[in-house]
Amino acid sequence: VAKAELGVAKAELSVAKAELGVAKAELVKAKQRGDLNQIADAELGVAKTEVSVAKAELWVAKAELGVAKAELSVAKAELGVAKAELVKAKQRGDLNQIADAELGVAKTEVSVAKAELWVAKAELG
C-alpha cells in the first residue's frame, strides 16, 4: 500500500510540474500580448500551480517516509525470525547451523540498519 501511494504521489507531482509548465507558457503569451488583465490572471495561475507542485512534493516526501517505515518494520520482523532461528540452532548444538544462523542474524541486522538509514533520510526530506 505504501509503495502504491508513493507511485501515485510521484505521478501527481509529475502532473503538477507539467501544469506549471503550461501556466508559465501562458504567462509568457500574456506578456507578449501586453494585456495587463491576462498577465495578472496568468501570474495567478502560475502561483496557484506552484502551490500544487509544493503540495505534491510534500505528498511524495510523506509517502517515501511511509515506505521507509514499512521497510524498517519488515526488516525488524525478519531480524526476530533470524534470532529465533539462532536460538533453535544453539539448542540443537549443530555448529554449522549455529554459524549459518549467526550469519543470518548479521545480514538481517545490516538490513535493519539500512532501513533505519532510509527512514532517517526520508525524515530529512
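In the predicted model, T49 is in contact with A16, E19, L20 and A23, residues up to four places away in sequence being left out of the count. T49 itself is located in helix 2, which spans residues 36–92, and its relative accessible area of 12% places T49 among the buried residues, because the limit for that class is under 20%. Across the chain, buried residues account for 26% of the 125 residues.

The overall fold comprises 3 helices and 0 strands, so that the order of elements from the N terminus reads α-α-α. The radius of gyration of the chain is 25 Å, whereas a value near 14 Å would be expected for a compact globule of 125 residues; along the principal axes, the C-alpha atoms occupy a box of roughly 85 × 20 × 15 Å. Of the contacts between residues at least 6 apart in sequence, 70% link residues at least 24 apart.

A search of the whole structure yields 1 salt bridge, formed between E71 and K3, with the closest N and O atoms 3.1 Å apart. Since E71 belongs to helix 2 and K3 to helix 1 (residues 2–33), this pair ties together parts that are 68 residues apart in sequence. E71 is partly exposed, at 30% relative accessibility, while K3, at 56%, is exposed.

With regard to charge and surface, the chain carries 19 positive and 19 negative side chains, the centres of the two sets lying 1 Å apart. The exposed area of the chain is about 8,400 Å², of which 58% is supplied by carbon and sulfur atoms.

Notes. Residues numbered from 1 in each chain as written. Predicted model: local features only at pLDDT ≥ 70, side-chain atom pairs only at ≥ 80, totals over all residues. Heavy atoms only, no water. Helix = DSSP H or I, 4+ residues; strand = E, 2+ residues; numbered from the N terminus. Buried < 20%, exposed > 50% of the residue type's maximum accessible area, 1.4 Å probe, protein only. Contact = heavy atoms within 4.5 Å. Salt bridge = Lys/Arg side-chain N within 4 Å of Asp/Glu carboxyl O. Rg over C-alpha atoms; globule rule 2.2 N^0.38 Å. Areas by Shrake-Rupley, 256 points an atom, 1.4 Å probe, with all protein chains shown as cover. Lys, Arg positive; Asp, Glu negative; His and termini not counted. Charge placed at Lys NZ, Arg CZ, Asp CG, Glu CD.
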